[in-house]
Number of protein chains: 2
Amino acid sequence: MNPCNHHSVSIKEMQKLCVSLVPIFNHLQPTEMEKIVHATRSASYQRGEQIYGAGDTSAQLFIVHRGLVKIFRLSESGREQLIRLLEPGDFMGELALFSGSPFDHFAVAMEQTELCVMTREDLNAFIEQHPKISLRIMEEFSRRLERAEKLISCLTSEATEQRIAAYLVELADEHAANSFTLPMSKKDIASYLGTTPETVSRKLAEFQENGWIEQSGQRNITLLDRYALQNL
Amino acid sequence: MNPCNHHSVSIKEMQKLCVSLVPIFNHLQPTEMEKIVHATRSASYQRGEQIYGAGDTSAQLFIVHRGLVKIFRLSESGREQLIRLLEPGDFMGELALFSGSPFDHFAVAMEQTELCVMTREDLNAFIEQHPKISLRIMEEFSRRLERAEKLISCLTSEATEQRIAAYLVELADEHAANSFTLPMSKKDIASYLGTTPETVSRKLAEFQENGWIEQSGQRNITLLDRYALQNL
DNA sequence: CGGACCATTGATTTAGATCAAGGTTAGTGG
DNA sequence: CCACTAACCTTGATCTAAATCAATGGTCCG
């Protein structure tokens, strides 16, 4: 944890920096933006740098402004379990913020990343003054919760093969295209889907043999038979 | 969906009914309670009755006042996947409320159950007037999210045996005692943990043989060797 | 250019699912 | 209150999907 605080940057710089807050913290008057500026600090991280780790305590809300952050746990056996990837506009650290309990997971920057940081007091004060914003935050929470619960259903009720197929379809939907690039390494995909890199490799090869997908390079995939994948 | 609205009950009755809101909606002045009363309707369900199902749309927040509600999905194969059990004070329906998308899961009363029902408009207005409450709701969200993410880690990184053991330890912690009653049928436990009733049976029998637990009746368990269970 | 990490493919093993058949419990209705 | 039925639980035998172990090739980054 070494957030470099730049409390003396110009308001204009901060506004630019806080542009990622817009999806959540919108409905703001220009004069209100100044309050966010004072409530927010910025922190910068290099690729591979840890933002926080399990056991750390920090009553701060982190909002990704630029870059990519990986959230994961380490199991007893030392296996890394990927929870999710955060893109600009996503936030993290909310549990520590609300309950004060220490983190039980790790956050690491996957590339050059800039964060906005808010303390609990700041958030409290902010929400009291801009109550409508809390609804948007709740909306975001509920979306994440939905995603988590869907993943749980998937993990418990579907076979590994189906999970991998469903994941491909999900990616295609996100990109609104049949060709896309995997957002992470096969190793991480395996961790996310609760399987092993070997199995991911094998299943993708199998899907390709069946003519359902086309792999090119190491991370590019084209869906050829979406229907087949969905009906495994 | 057949909520029986009682909009004409006395304020006193509603206060009693809404006592379960306290964990979330506290910090209220007596005069403010009246607003909740007007914002809330009550609905009553029999054991086994469905509150809503996948596909239904309803922009309402349901808060459990009395009883027990089971939330589950049905997978393609028709397998029931238990998401969670709601006890008094818990709420549901928030995603439909915020995003307007239809439910993708089912909610069924497990016993005689009473709910408080709030529409989106009611919640909006309410939060604008009582912004502090939104922090408590977020807290609740973040707790649920934490639980879901822990379950995901568990499902992906641990073996079935470890999951069952960890679940027993969790139950003991919740009850703050080594003896406790399983909160649901073994069938439902299996569904929750992503396994089958047979495996749950076998593993519990195995744990008992090893002297780690003691089963009595069909739902009572005493932990004898917590350490062994935690270090599978 | 070199080293570390990632990906692929094959051979083997195993945990847990599935299928099957009793025994038990609990909620229902007379 | 008791009897009945349906759902639940348990234990056994078999099967299979995926993990693990292992070895080679590929790719990215310093």
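## Meeting DNA strand C

A polar side-chain atom of Thr199(B) comes within reach of the DNA backbone, lying 2.4 Å from a phosphate oxygen of DNA strand C. Please keep in mind as you look around that this is a predicted model. Two other side chains also approach phosphate oxygens of this strand. In Lys186(A), a side-chain N or O atom is 2.9 Å from a phosphate oxygen of DNA strand C, and for Thr195(B) the corresponding distance is 3.0 Å.

Which elements give two or more residues to the surface near DNA strand C? Chain A offers helix H7 (186-193) and helix H8 (197-209), while chain B offers helix H6 (160-175) and helix H8 (197-209). In total, 19 residues surround DNA strand C, and the closest are Lys186(A), Ser201(A), Thr160(B), Thr199(B) and Gln218(B). On the DNA side, 68% of the atoms of strand C that come within 4 Å of the protein belong to sugar and phosphate. As for the character of the protein surface here, nine of its residues are charged, eight are polar and two are nonpolar.

## Meeting DNA strand D

Now turn to the other DNA strand described here. DNA strand D has 18 residues around it, and those that come nearest are Thr199(A), Arg202(A), Gln218(A), Lys186(B) and Ser201(B). Sugar and phosphate make up 68% of the atoms of DNA strand D that come within 4 Å of the protein. The residues of the surface near strand D divide into eight charged, eight polar and two nonpolar.

Thr199(A) places a polar side-chain atom 2.3 Å from a phosphate oxygen of DNA strand D. Chain B contributes through its backbone: an N or O atom of the Lys186(B) backbone lies 2.7 Å from a phosphate oxygen of the strand, and a backbone N or O atom of Lys187(B) lies 3.0 Å from one. At least two residues of this surface come from each of these elements: helix H6 (160-175) and H8 of chain A, and helix H7 (186-193) and H8 of chain B.

## Aromatic rings

Over all chains, the structure holds 15 aromatic pairs. One of them joins Phe98(A) and Phe141(A), whose rings are tilted, with 6.4 Å from centre to centre and 45° between the planes. Phe98(A) belongs to helix H3 (residues 94-99) of chain A and Phe141(A) to helix H5 (residues 131-157) of chain A, so this pair ties together parts that are 43 residues apart in sequence. Are these two residues buried or exposed? Both Phe98(A) and Phe141(A) are buried.

A pair in chain B is stacked: Tyr52(B) and Phe103(B) are 3.6 Å apart from centre to centre, with 10° between their planes. Tyr52(B) is part of strand E2 (residues 50-52) of chain B, and Phe103(B) sits in the loop between helix H3 (94-99) and strand E7 (106-109) of chain B, so parts that are 51 residues apart in sequence are tied together by the pair. Tyr52(B) counts as buried because its relative accessibility is 0%, under the 20% cut-off. Phe103(B) is buried too, with a relative accessible area of 5%.

## A shared cluster and charges over rings

Which residues form one aromatic cluster? Phe91(A), Phe98(A) and Phe141(A) do so together with Phe91(B), Phe98(B) and Phe141(B). One ring of this cluster also has a charged neighbour: Arg144(B) lies over the face of Phe91(B), 5.2 Å from the ring centre. In chain A, the charged end of Lys70(A) sits over the ring of Phe72(A), at 5.5 Å from its centre.

## Two buried residues to find

Glu140(A) has its place in helix H5 of chain A. This residue is buried, because its relative accessible area of 16% is under 20%. Apart from neighbours within four places in sequence, Glu140(A) is in contact with Asp90(A) and Phe91(A).

In chain B, look for Leu86(B) in strand E5 (residues 80-86). Leu86(B) has a relative accessible area of 1% and is buried. Not counting residues up to four places away in sequence, Leu86(B) touches Val64(B), Gly67(B), Leu68(B), Val69(B), Ile71(B), Phe91(B) and Met92(B). Of these, Ile71(B) is 15 residues from Leu86(B) along the chain, and their C-alpha atoms are separated by 7.6 Å.

Note on methods. Residues are numbered from 1 along each chain as its sequence is written. Chains are lettered from A and ligands numbered from 1 in the order in which they are written. This is a predicted model: local features need pLDDT of at least 70, side-chain atom pairs count only at pLDDT 80 or more; totals for chains, interfaces and linings use all residues. Side-chain values use heavy atoms; hydrogens and water are left out. Rings of Phe, Tyr and Trp (its six-membered ring) pair if their centres lie within 6.5 Å; planes under 30 degrees apart count as stacked, over 60 as edge-to-face and the rest as tilted. Helices (H or I, at least four residues) and strands (E, at least two) are DSSP runs, numbered from the N terminus. Buried means under 20% relative accessible area, exposed over 50%, partly exposed in between (1.4 Å probe, protein chains only). A charge sits over a ring if NZ of Lys or CZ of Arg is within 6 Å of the ring centre and within 35 degrees of the ring normal. A residue is near a molecule or strand if one of its heavy atoms lies within 4 Å of it. A polar contact is a pair of N or O atoms within 3.5 Å; within protein, one must be able to donate a hydrogen and the other to accept it, and residues adjacent in sequence count only if both atoms are side-chain atoms. Ala, Val, Leu, Ile, Met, Phe, Trp, Tyr, Cys and Pro count as nonpolar, Asp, Glu, Lys and Arg as charged, and the others, Gly among them, as polar. Contact means heavy atoms within 4.5 Å.
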